[in-house]
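Subject: Structure handover

Hi,

Here is the structure we talked about. Please load it first, then read my notes on the helices below.

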Amino acid sequence: MWGTSRLFSAQSERRYAKHAAEELLELFRAVQREQPGLSGRALYEAVIKRRLGPGDERAAQIVRRAEESFADWPVERALRFRDVVHYLIFDEYMHVGEARAGTKTNMGGVISHIIPEEI
């Protein structure tokens with residue numbers, strides 16, 4: 001049986017993932033409106049740059065790592081925005097607040113309910 005602290009931790013992870021995915025979807029739509037010529041990796045990087053803020057140059061690295069984590073293995077396929085969101089949210093969560101060794105819930109399940117697969 002799970003202890004209360006583990007249950008609350010899983011709930012907080014799901015809340016974090018839901019809130020961050022909603023924010024990233026809003027940013028995606030805003031960047032898409034402002035720069036309609038962007039698509040794919042360029043669009044994803046623009047969204048991540050906006051999320052990270054000025055001066056943070058990790059957007060290309062985050063998109064590349066998302067591709068390596070989700071689109072290259074176990075089956076090679078096109079990178080999706082959902083992949084980038086999943087990677088970024090997990091990375092953010094692991095570096096915010098107390099030191100964490102991992103997560104107790106599947107954040108991808110939460111993210112997949114918010115971020116459409118086709119974008």
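How many of the 15 residues of helix 4 are buried? Eleven are, so helix 4 is largely enclosed by the rest of the structure. Bear in mind that this is a predicted model.

The buried residues of helix 4 include the aromatics Phe81, Tyr87 and Tyr93. Val84, Val85, Leu88, Ile89 and Met94 are also among them. So are three acidic residues: Asp83, Asp91 and Glu92. Helix 4 covers residues 81-95. Its length checks out: at 1.5 Å a residue it should span 21 Å, and its end C-alpha atoms are 21 Å apart, which agrees.

Next, helix 2, residues 40-52. Its 13 residues should span 18 Å at 1.5 Å a residue, and the end C-alpha atoms are 18 Å apart, so the two agree. Buried here are Leu43, Tyr44, Glu45, Ala46, Val47, Ile48 and Leu52. Just after helix 2 comes glycine 53, with a positive phi of about 95°.

Helix 2 packs on two partners.

Helix 2 with helix 4:
- The packing angle is about 25°, and the axes are 11 Å apart.
- Angles under 35 degrees count as roughly parallel, so helix 2 is roughly parallel to helix 4.
- The crossing is right-handed.
- Helix 2 contributes Tyr44, Val47, Ile48, Arg51 and Leu52; helix 4 contributes Phe81, Val84, Leu88 and Glu92.
- By class, that contact has seven nonpolar residues, two charged and no polar.

An α-helix has 3.6 residues a turn, so residues three or four places apart point the same way. Compare that with the helix 4 side of the contact: Phe81, Val84, Leu88 and Glu92.

Helix 2 with helix 3 (residues 59-71):
- The angle is about 125°, with the axes 8 Å apart.
- That makes helix 2 oblique to helix 3.
- This crossing is right-handed too.
- From helix 2, Arg41, Tyr44, Glu45, Ile48, Lys49 and Leu52 take part. They meet Ala59, Ala60, Ile62, Val63, Arg64 and Glu67 of helix 3.
- The split is seven nonpolar, five charged and no polar.

Which residues of helix 2 serve both contacts? Tyr44, Ile48 and Leu52 appear in each. Tyr44, Ile48 and Leu52 are also among the buried residues of helix 2.

Over to you.

Technical notes. Residues are numbered from 1 along each chain as its sequence is written. This is a predicted model: local features need pLDDT of at least 70, side-chain atom pairs count only at pLDDT 80 or more; totals for chains, interfaces and linings use all residues. Side-chain values use heavy atoms; hydrogens and water are left out. Axes are lines fitted to C-alpha atoms, for helices over the stretch in contact, and angles run from 0 to 180 degrees between N-to-C directions. Helices (H or I, at least four residues) and strands (E, at least two) are DSSP runs, numbered from the N terminus. Angles under 35 degrees count as roughly parallel, over 145 as roughly antiparallel, 65 to 115 as roughly perpendicular and the rest as oblique. A crossing is left-handed if the near helix is turned anticlockwise from the far one by less than a right angle, and right-handed if clockwise. Contact means heavy atoms within 4.5 Å. Ala, Val, Leu, Ile, Met, Phe, Trp, Tyr, Cys and Pro count as nonpolar, Asp, Glu, Lys and Arg as charged, and the others, Gly among them, as polar. The expected span of a helix is 1.5 Å times one less than its number of residues. Buried means under 20% relative accessible area, exposed over 50%, partly exposed in between (1.4 Å probe, protein chains only).
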